[in-house]
Amino acid sequence: MATIEDVAKLAGVSRQTVSRVINNSGYVSQNSRKSIEAAIEKLNYRPNMIAKMLVTRRSRIIAYMMLNMSDPFHNMVNCGLESAAYHKQYTTIVCDAHSPNREQDYLNMFVDNRLGGVIIHHLAITPDQVKWLADNGVKCVLMDNEEDLPGVSHVNSDNYAGGRMAGEYLVSKGHRRIGCVHAPLTMPSDPHVPYENTFQFNMWRQRLNGFTDALKDSGLEPAGLFPTKVRFDYAKSTMPEIVDHLLDMKERPTALYCEDDIMAFGLLDEFWNRGIRVPDDFAIVGHDGLEMSRMVHPYLTTIAQPRYEMGRQACELLIKHIEGQTEPESITLKPELMVGETA
């Protein structure tokens, strides 16, 4: 196996010059760079990343730790993250923190394996946990954490703007009785509640606040608030009760804003089972812009989050921190209305 010394000898340059080309750091003349690249190709040289980690005491591995890997929201976020990491020659790993114990196990693993950094998404990471990572050299960027932490970079979607957009759209379509299907807004009393329903309250409240503010601007109040749960299997189990409630109301809503697409699909499924027509009997707007919203009819009208861009920008920001940027940054990305057939 070729070594960096072999490359330097063939290219007629020093080992340090080869290192600068490999790491894309420092000045190297164009002629020397071309010679080194030709030597690397001829020798089929691959950098020894283990040796490099021993020198820098830091790996070029980035973790993406999120809540619930089965949630289809995360796939495009991970695509954006992985693309940015690839272009900067970093490797990514995906970690599913589906319980408090698993979350802490991963944090320990990041420190034990000297990871370069971690993007933490849809969790409730605390200031103490972030400080512990930083004290051990692991950089951190948060995405839609339960709360923004002072001095910590974060990339968020604008949940308030998304909820407001949903309300404004339904009002513009002539609806005056508009309800909202939402996730838990406070800690549930049920001891068996799934882990993902024990936080994220801030995100759901932001969406609800945007929605209700949009209605208030038109002189309206929500025509019912219908709590459900987050994951599809849990959300689906609550939909029969919600639909029973809707059908028993004297002043039924004509439209419903579901605070994520999973809730909207659960509601669509229950409506279909009962022969209730969408959007004729009830219009529905979701939130997230999942790919499946364009896979079956009726296409879901939804507030689409820029998931790929969220992952890309979070990864680029994290790499800046790994490579020396110390000032935290705050990035908030706007969603877009994706009109389908349900509203």
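His74 counts as buried because its relative accessibility is 4%, and burial here requires a value under 20%. The model in which this residue appears is a predicted one. His74 belongs to helix 5. Leaving aside residues up to four places away in sequence, the contacts of His74 are Tyr64, Met66, Leu67, Asn68, His121 and His122. Two of these partners, His121 and His122, are themselves histidines.

His122 leads on to an enclosed space within the protein. One cavity of 30 Å³ or more is counted, and the largest cavity holds about 160 Å³ of space. Its lining is made up of 18 residues, and those nearest the centre are Asp71, His122, Gln200, Val230 and Asp260. His122 thus appears both in the list of residues that His74 touches and among the residues nearest the centre of the largest cavity. Helix 9, which covers residues 201–217, contributes three residues to this lining, the most of any element. Sorted by class, the lining of the largest cavity comprises seven nonpolar, six charged and five polar residues.

Helix 5 leads in turn to an open space. The largest pocket has a volume of about 740 Å³. Among its 21 lining residues, Val21, Ile22, Asn23, Pro47 and Gln89 are the closest to the centre. Helix 2 (15–23), helix 3 (30–43), helix 4 (49–56) and helix 5 (74–87) are the elements that each supply two or more residues to the lining of this pocket. By class, the lining of the largest pocket contains eight nonpolar, seven charged and six polar residues.

The path now moves along the chain to strand 10, which spans residues 301–304 and is covered on both faces. Thr301 and Ile303 point to one side, Thr302 and Ala304 to the other, and all four are buried. Strand 10 pairs with two other strands. With strand 9 (residues 283–288) the pairing is parallel and rests on four bridges, and with strand 12 (residues 336–338) it is antiparallel and rests on three. Ala304 takes part in both pairings: Ala304 is the bridge partner of Asp288, and Glu336 in strand 12 is the bridge partner of Ala304.

Helix 12 occupies residues 307–322. The 16 residues of this helix reach 23 Å from the first C-alpha to the last, close to the 22 Å expected at 1.5 Å a residue. Many positions along helix 12 are buried, namely Arg307, Met310, Gly311, Gln313, Ala314, Cys315, Leu317, Leu318, Ile319, His321 and Ile322. Arg307 and His321 are therefore buried as well, each having under 20% relative accessible area. After helix 12 comes Gly324, which has a positive phi near 125°.

These parts can finally be placed in the protein as a whole. The secondary structure consists of twelve helices and twelve strands. Along the principal axes, the C-alpha atoms fill a box of roughly 85 × 40 × 35 Å. The protein has 343 residues, and 49% of them count as buried. Of the contacts with a separation of 6 or more, 70% are between residues 24 or more positions apart. The contacts of His74 with His121 and His122 offer an example of residues far apart in sequence that touch.

Key:
Residues numbered from 1 in each chain as written. Predicted model: local features only at pLDDT ≥ 70, side-chain atom pairs only at ≥ 80, totals over all residues. Heavy atoms only, no water. Buried < 20%, exposed > 50% of the residue type's maximum accessible area, 1.4 Å probe, protein only. Pairing = 2+ DSSP bridges. 1 Å grid on protein atoms, 1.4 Å probe; cavity = no way out; pocket = protein on both sides within 12 Å on 5 of 7 lines; lining within 4 Å. Points joined across faces, edges and corners; volume = space filled by probe spheres on them. Nonpolar A, V, L, I, M, F, W, Y, C, P; charged D, E, K, R; others polar. Expected span 1.5 Å × (residues − 1). Contact = heavy atoms within 4.5 Å.
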